[in-house]
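Got the viewer open? Here is a short tour, one selection at a time.

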Protein chains: 2
Amino acid sequence: MSFLEQLKTVAAEAEVTLDRITNKNYGSERLQEAIRYSALNGGKRLRAYMVAEFCELCGVDRKTVADYGAAVEMIHAFSLIHDDLPAMDNDDMRRGKPSNHRAFGEATAILAGDALALDAFAAAGKNKYCSNAQNAEAMILLSEKAGSLGMCNGQQIDIDGEGKSIELSELIMLVDNKTGALFECACALGCIGANANETQKKVAKRFGLLAGRAFQITDDLLDIHSTAEELGKTVGKDVSAGKSTFPALMGEEGAREEAKNCIAEAKECLTFFADCDAKNRLYEFCDYMLSRKH
Amino acid sequence: MSFLEQLKTVAAEAEVTLDRITNKNYGSERLQEAIRYSALNGGKRLRAYMVAEFCELCGVDRKTVADYGAAVEMIHAFSLIHDDLPAMDNDDMRRGKPSNHRAFGEATAILAGDALALDAFAAAGKNKYCSNAQNAEAMILLSEKAGSLGMCNGQQIDIDGEGKSIELSELIMLVDNKTGALFECACALGCIGANANETQKKVAKRFGLLAGRAFQITDDLLDIHSTAEELGKTVGKDVSAGKSTFPALMGEEGAREEAKNCIAEAKECLTFFADCDAKNRLYEFCDYMLSRKH
């Protein structure tokens, strides 16, 4: 199976897992509706893919980490809801649909985001294929990579830098936190589910961080060259907001070069794992980080 | 030591634990500042007290659950930040100080809340006095009681009911979720840290739920009879917003009676535990739920 076929397969499996996890008997139907609107929106499920693939890379069936994959996707969905809020990026569109607060109002969107973030932990913690120790490690990692030392920190650095020009080193710190931290988390969660050793977990995190950096550079380039139709979200916002992006700071060619270097190093990380189908697909995933069109 | 002395002692200890947990090397100083502004604001620390007291009620030193207590207080602090947002209750004051978004702006307030919610899990999960199994159970409980089946659900029911008059049964469901769930969580976390049996955990949850209901009724009454100076927050908002509160639905006397009944049943829950100082203090805590002035 090629990387793209595997991505599609894992995405479909993630949709089933997320449907199960978010299909609860809520007091408020509106909250459930808002949660499911954003959790089951047919995203690419790159993070769930990374969780599954690193588990298989360590020789363990990916069903072992389906709940971990869903948990990371829930954290991702929460971050998109809050990112789109009027007080943040003020985005009306997300994946070709009205953003959560446009569909449900701001108060419910804030709560749906909060609930997804909080629910992610029980989703990971109740993974019946893993031990208490593995599940505890998974929840702690989710907390650290999503919270004030990870994704939230990246979003705050982004806010702090608004309207200012920032240095390349600051931009890298921003991206490593805002995007890289959750990629790191996803790759390491696959290893945790597979009971991999500490070196493998460390290398998996490095792979995730580098893939995240390449992902963001490609995002910056798509914001310049793509259309709203292709991306399913507003384009050209970075330039009009005067944002410091990789292309803005390094030129488009320099940014492309930087992304290639990240991916070259990410591929080296894979040499720490035995040859297998998952490894071949992860090489393709690396190339996809550079070539993707949406 | 009396209940009030113990509450003061545990509150001071919680402040130290929260200071340690939130004193990290952030990329964004502003995020750290906003987190600490709300996490270290000298609250009553009722939830940390309940965690500590139920641990001692089960015969175990409360230092065992200091991290769990801090985690619940972090979840509480996050909920207050998001509750105060313009899209939610739009409150400018909190404990006599500007609310988080008035001090730091809306975007940072949203993120500081998010970060506190997410960081709470690593805070509980890294409790070195407890096993992986205990820490996993603690994190799952935090997730379930704070998330879409607990506190967030209560807040959504609150929003859904705005401008409408609701039935008493709906109000009870609202309060049991919005306030009771985290009280339940706190009492049960103390039991988890003490390796109590399942019956004790269940009874502890019931105690928390009832104490939460009494707490909210007293809150409703204080909103009518107290001053902003005494409470450190805006008063009279329920009446001016036409909110369905216990006094509005049952009359003031009826509400007082209901609170007393809750506390009588909460006290019965304590008979499942052996006599000790903690038990005596919890009886006082029960009375305080009815008599508190702020």
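Start by selecting A:Asn195, in the loop between helix 9 (168-193) and helix 10 (198-225) of chain A. Is A:Asn195 buried, exposed or partly exposed? It has 16 other C-beta atoms within 10 Å. A residue needs 20 or more for buried and 12 or fewer for exposed, so A:Asn195 counts as partly exposed. Look at its backbone too: A:Asn195 has a positive phi of about 55°, although it is not a glycine. Keep in mind that what you are looking at is a predicted model.

Now hop to A:Asn90, which sits in the loop between helix 4 (66-84) and strand 1 (93-94) of chain A. Here phi is near 55°, again a positive value in a residue other than glycine. A:Asn90 is partly exposed as well, with 13 other C-beta atoms within 10 Å.

Before going on, a word on confidence. Chain A has a mean pLDDT of 95, with 98% of its residues at 70 or more. For the complex, the predictor gives an ipTM of 0.96 and a pTM of 0.96.

Next, pick helix 7 of chain A, residues 132-146. Its 15 residues reach 21 Å from the first C-alpha to the last, close to the 21 Å expected at 1.5 Å a residue. Most of this helix is covered, since 13 of its 15 residues are buried.

Stay there and click on A:Leu142. Which residues does A:Leu142 touch, leaving aside its neighbours within four places in sequence? Light up A:Ala71, A:Ile75, A:Ala120, A:Phe121, A:Ala124 and A:Cys185 and you have them. A:Leu142 also belongs to the largest nonpolar core, a set of 194 residues. A:Leu142 is among the residues with the most contacts inside that core, along with A:Val51, A:Leu189, B:Val51, B:Leu142 and B:Leu189.

Zoom out and show both chains. A turn of 180° and a shift of 0.0 Å along the axis lay chain B on chain A with an RMSD of 0.0 Å. The two copies are thus related as by a two-fold rotation axis. To find that axis from the chain B side, select B:Ala136: of the residues of chain B, its C-alpha comes closest, at 2.4 Å.

Now color the contact between the chains. How many residues does each chain bring? Chain B gives 46 residues and chain A gives 46 residues. On the chain B side, the elements giving two or more residues are helix 2 (29-39), helix 6 (106-125), helix 7 (132-146), helix 8 (151-160) and helix 9 (168-193). Helix 6 of chain B gives the most, with 13 residues. Color that side by class and you get 24 nonpolar, 14 polar and 8 charged residues. The copies meet through the same surface, because 100% of the interface residues of chain B are also interface residues in chain A.

Select helix 2 of chain B for a closer look. Its buried residues are B:Leu31, B:Gln32, B:Ala34, B:Ile35, B:Tyr37, B:Ser38 and B:Ala39. They pack against helix 8 (151-160) of chain A, together with helix 1 (3-22), helix 4 (66-84), helix 5 (100-104) and helix 6 of chain B.

Last stop: B:Ala274, in the loop between helix 13 (246-269) and helix 14 (277-291) of chain B. B:Ala274 is exposed, with 10 other C-beta atoms within 10 Å. Add B:Cys58 to the selection: the two are 216 residues apart in sequence but 7.9 Å apart in space, C-alpha to C-alpha.

Technical notes: Residues are numbered from 1 along each chain as its sequence is written. Chains are lettered from A and ligands numbered from 1 in the order in which they are written. This is a predicted model: local features need pLDDT of at least 70, side-chain atom pairs count only at pLDDT 80 or more; totals for chains, interfaces and linings use all residues. Two residues are in contact if their C-beta atoms, placed from the backbone, lie within 7 Å. Helices (H or I, at least four residues) and strands (E, at least two) are DSSP runs, numbered from the N terminus. Ala, Val, Leu, Ile, Met, Phe, Trp, Tyr, Cys and Pro count as nonpolar, Asp, Glu, Lys and Arg as charged, and the others, Gly among them, as polar. A nonpolar core is a set of buried Ala, Val, Leu, Ile, Met, Phe, Trp, Tyr and Cys residues joined through C-beta atoms within 7 Å. Copies are superposed by least squares on the C-alpha atoms of residues with pLDDT of at least 70 in both. The expected span of a helix is 1.5 Å times one less than its number of residues. pLDDT is the predictor's confidence in each residue, from 0 to 100.
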